[in-house]
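I open the notebook on a structure that is new to me. My plan is to look at the ligand surroundings, then at the ring pairs.

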Amino acid sequence: MMKALRQEAAKLLQEKRAALIIGFAEREGHPALFISKPEDCERLFYDVSCRQNLAAYLSKPEVSARRPVAIVASLAALRSLVVLTAESQAAPGQVLALAVDKDAFLGTFDVAGAAELLRSKYPDLGPEKALLERVGELSKKSVVERAAFWAEEFAKCTRCYACRAACPGCYCARCIVEKNAPQWVSTAALGHGNYSWNIMRAFHQSGRCTLCGACEAACPQGLPLMVLNAALDREALEEFGARPGYDPEGKPVIGSWSAEDDHSYMR
Amino acid sequence: MKTEKADVPTPTTFEPRITAFVCNWCTYAGADLAGTSRLQYAPNLRIIKLPCTGRIDPLFVLKAFENGADAVLVSGCHPGDCHYTSGNYHARRRWTLFRKLLALTGIGDDRLFFSWVSAAEGQKFADLVNDVTAKVRKAGPFQAAHPGRKA
Ligand code: SF4
Ligand code: SF4
Ligand code: FES
């Protein structure tokens, strides 16, 4: 698998179909690797412990200045690529994906090809069962117990914003937490500011999150961010049929509407 | 000997503070109609008027809870009646997901209410406020222990 991935990456550079390859390094922690010489492709690596979503780099100016770019992309990262394209954040034709899944190299795809691959072979990607069980268990608790659970979790947050940096969906040049006139979200790493921050981070990804898990993997404090992401993912699917990352021309769930949307909770 | 001071709230005198975010064109006008019709309703609501429900950022709700609201009511024009055509349709999608996120993190539907009230529905507005107030009274004060509350 690694051999095919390295050869294909080197070929993209040689044929000038890509000016930059973003992949994972072999050394400990598998940090992101930025390659522009074919011979360096020998240093590429992939296995399931590579938890970063490399699509997050696509919106960085340093990277977009070096297009065309090819990224090593897991299935979730492929979905992120499709989401970014739908949101006009990745120019089609400027981004390629070296698709990987667990221990297989799937080939090189442009965005349309990636969407086609996902639709035909992986039409049902969603949260893992264990994660859904966690959401289910939490939902069964009383509101007071749920508040207590999150009070304890959010108290650990140091507001490092590593979760935001890791997420391909968090590409705003100026995030709401950095706006201070007025100060919408308290920046102190304390109760209510942490609550607002974590709620808004999750909410702004609703209907867009591809469940790649990069945010949770990046969190140095071990917050269970995927519980929030998974719950919102299921809700957006049930309510609005949202399957982010399958249609490069799809409309975001929030930002579009239908007169038929359910509102049984409205009084 | 005096055993009670009038300004010390006891559980039986809990008066909920309810923040209402309403749109200018329907619910605010409905509230106005309730007033000019001299309908009596619970005085627990603090109304904040926005141009349209589409302008009600979910952060407003969090801010209200941070700063002492025991409950939040969000209300605007009925579907199809939005002054700006589709603001309430956009808002509805946001609320559908946002209320689930809040429920999962400890703010349930006994503290977060949504409604459509038109400019002609003064009576509906009065009934709504009474009903919501009764529900929040039952739910009790928003817990100081909730992470979303300012310490
Ligand atoms: S919110 Fe987390 S899981 Fe979802 S796309 Fe962003 S980094 Fe991935
Ligand atoms: S990565 Fe974790 S600690 Fe850092 S801001 Fe995000 S949730 Fe908080
Ligand atoms: S103006 Fe009332 S909801 Fe838009």
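I looked up Cys167(A) first and found a relative accessible area of 15%, so Cys167(A) is buried, the limit being under 20%. Cys212(A), at 23%, is partly exposed. I keep in mind that this is a predicted model.

Both cysteines are among the residues around ligand 1, and so are Cys209(A), Cys215(A), Arg201(A) and Met226(A). I sorted this shell by type and got 7 nonpolar, 4 polar and 1 charged. Helix H9 (214-218) and helix H10 (225-240) of chain A each give at least two residues to the shell. I also checked where ligand 1 sits, and the place is the largest cavity.

How many disulfides does the structure hold over all chains? I found 0.

Next I searched the whole structure for aromatic pairs, and the search gave 15 over all chains. In one of them, Tyr161(A) and Trp197(A), the ring centres are 4.7 Å apart and the planes stand at 75°, so I noted the pair as edge-to-face. Tyr161(A) is in the loop between helix H6 (143-155) and helix H7 (162-166) of chain A, and Trp197(A) is in helix H8 (residues 191-204) of chain A, so the pair ties together parts 36 residues apart in sequence. Tyr161(A) is buried at 14%, and Trp197(A) is buried at 3%.

In chain B I noted Tyr41(B) and Phe125(B), with centres 5.5 Å apart and planes at 90°, so this pair is edge-to-face. Tyr41(B) is partly exposed at 26%, whereas Phe125(B) is buried at 0%.

Last, I recorded a cluster in which ring pairs link Phe203(A), Tyr265(A), Trp95(B), Phe98(B) and Phe114(B).

Notes. Residues are numbered from 1 along each chain as its sequence is written. Chains are lettered from A and ligands numbered from 1 in the order in which they are written. This is a predicted model: local features need pLDDT of at least 70, side-chain atom pairs count only at pLDDT 80 or more; totals for chains, interfaces and linings use all residues. Side-chain values use heavy atoms; hydrogens and water are left out. A residue is near a molecule or strand if one of its heavy atoms lies within 4 Å of it. On a 1 Å grid over the protein atoms alone, a cavity is a set of points where a 1.4 Å probe fits but cannot get out, and a pocket is an open set with protein on both sides within 12 Å along at least five of seven lines; lining residues have an atom within 4 Å of a point. A molecule sits in a cavity or pocket if more than half of its atoms lie within 2 Å of its grid points. Helices (H or I, at least four residues) and strands (E, at least two) are DSSP runs, numbered from the N terminus. Ala, Val, Leu, Ile, Met, Phe, Trp, Tyr, Cys and Pro count as nonpolar, Asp, Glu, Lys and Arg as charged, and the others, Gly among them, as polar. A disulfide is a pair of cysteine sulfur atoms within 2.5 Å. Buried means under 20% relative accessible area, exposed over 50%, partly exposed in between (1.4 Å probe, protein chains only). Rings of Phe, Tyr and Trp (its six-membered ring) pair if their centres lie within 6.5 Å; planes under 30 degrees apart count as stacked, over 60 as edge-to-face and the rest as tilted.
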